[in-house]
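Below is a walk through one protein chain, from its overall make-up to its metal site and its backbone details. Please keep the structure open while reading.

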Amino acid sequence: MKHALALCALAGLLLPACGEEEPAVEDAPLTSVVGAGSSGEVFALTIDDAIPDPPIRGDVNAWSFSLTRDGEPMTGCTFEIEPTMPSHGHGTNPNPSATELGEGRYEMRPLNFIMPGVWHVAVRPTCDTLSDEIVLIVDIES
Ligand SMILES: [Cu+2]
């Protein structure tokens with residue numbers, strides 16, 4: 001957060017992204033991501049385990065999570081996962097992929113947070129004919 005604001009201050013208003021509203025600080029105060037989650041229109045996602053926790057800068061992050069619909073575990077789903085820094089207008093490389101662990105649990109890796117600051121991790125599951133987007137927000141410390 002401080003990092004993002006500092007970059008915008010340096011760039012003045014030349015960067016279009018700097019004119020946009022920053023994600024609220026209270027959206028990303030995670031000291032731990034285990035137990036955190038978010039809901040989309042269809043599914044809910046909960047982080048079951050995170051290596052490391054809290055997440056850190058670099059490509060070493062792996063999160064296992066549960067996907068449910070109305071409390072029921074969702075199996076056999078495929079995922080597109082896209083971490084971005086909305087305040088900077090960039091993503092990362094490579095995007096994480098997800099593997100199924102069973103009973104509605106999956107693991108995404110590598111989460112490569114290349115810079116400190118607020119990241120949005122968009123998780124787009126498809127389960128049979130149902131698709132959704134769930135966004136997790138984390139603040140990576142320097
Ligand atoms: Cu950035």
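Histidine 90 is a useful place to start: its relative accessible area is 23%, so the residue counts as partly exposed, given that buried means under 20% and exposed over 50%. By the cut-off of 20%, methionine 115, with a relative accessible area of 18%, is buried. The model in which these values were computed is a predicted one.

Both residues belong to a metal site. The copper ion is coordinated by Met85 through SD, His88 through ND1, His90 through NE2 and Met115 through SD, at 2.0 to 2.4 Å. Along the sequence, these donor residues follow the spacing M-x2-H-x1-H-x24-M. Histidine 90 and methionine 115 link distant parts of the chain, 25 residues apart. Histidine 90 sits in the loop between β5 (78-84) and β6 (97-102), while methionine 115 sits in the loop between β7 (105-113) and β8 (117-127).

What is the geometry of the site of the copper ion? The angles among the 4 donor atoms run from 91 to 125°, and the site is tetrahedral. Four donors count as tetrahedral if all angles lie between 85 and 135 degrees. For reference, the ideal angle for four tetrahedral donors is 109.5 degrees.

The fold around this site can be read from the secondary structure. The chain has 1 helix and 10 strands, and their order along the sequence is α-β-β-β-β-β-β-β-β-β-β. Among contacts with a separation of 6 or more, 56% are between residues 24 or more positions apart.

The pairing of the strands can be followed from β1 (residues 37-39). Strand β1 pairs with β2 in the antiparallel sense over 3 bridges, and a hairpin with 4 residues joins the two. Within this pairing, glycine 37 has threonine 46 of β2 as its bridge partner. Next along the chain, β2 and β3 run antiparallel and are joined by 7 bridges. These two strands also form a hairpin, with 6 residues between them. Alanine 44 stands opposite threonine 68 in β3.

At the other end of the strand list, β8 and β10 are antiparallel and joined by 7 bridges. Here histidine 120 stands opposite isoleucine 137 in β10. Is β10 enclosed or open? Of its 7 residues, 5 are buried, so β10 is largely enclosed by the rest of the structure.

Several of these strands contribute to the interior. The largest nonpolar core has 26 residues, and those with the most contacts inside it are Trp63, Leu67, Met108 and Val121. Two or more residues of this core come from each of β2 (44-51), β3 (58-69), β5, β7, β8 and β10 (134-140). Over the whole chain of 142 residues, 40% count as buried. The accessible surface of the chain comes to about 7,700 Å², and carbon and sulfur atoms hold 52% of it.

The backbone has some details to check by eye. Most residues other than glycine have a negative phi, and most peptide bonds are trans. Two peptide bonds in this chain that precede proline are cis: asparagine 93 to proline 94, with omega about -5°, and arginine 109 to proline 110, with omega near -10°. Proline 94 is in the loop between β5 and β6, the loop that also holds histidine 90. Proline 110, in contrast, is placed in strand β7.

Positive phi values are found at glutamate 103 and aspartate 128, neither of which is a glycine. For glutamate 103, phi is about 55°, and the residue lies in the loop between β6 and β7. Its relative accessibility is 72%, so glutamate 103 counts as exposed. For aspartate 128, phi is also about 55°, and the residue is in the loop between β8 and β9 (130-131). At 79% relative accessibility, aspartate 128 counts as exposed, because the cut-off for that class is over 50%.

Definitions and conventions
Residues numbered from 1 in each chain as written. Predicted model: local features only at pLDDT ≥ 70, side-chain atom pairs only at ≥ 80, totals over all residues. Heavy atoms only, no water. Donors = N, O, S within 2.8 Å, 3.2 Å for Na, K, Ca; no water. Tetrahedral: all angles 85-135°; square planar, octahedral: opposite > 155°, others 65-115°. Buried < 20%, exposed > 50% of the residue type's maximum accessible area, 1.4 Å probe, protein only. Core = buried A, V, L, I, M, F, W, Y, C linked by side-chain atoms within 4.5 Å. Contact = heavy atoms within 4.5 Å. Areas by Shrake-Rupley, 256 points an atom, 1.4 Å probe, with all protein chains shown as cover. Pairing = 2+ DSSP bridges.
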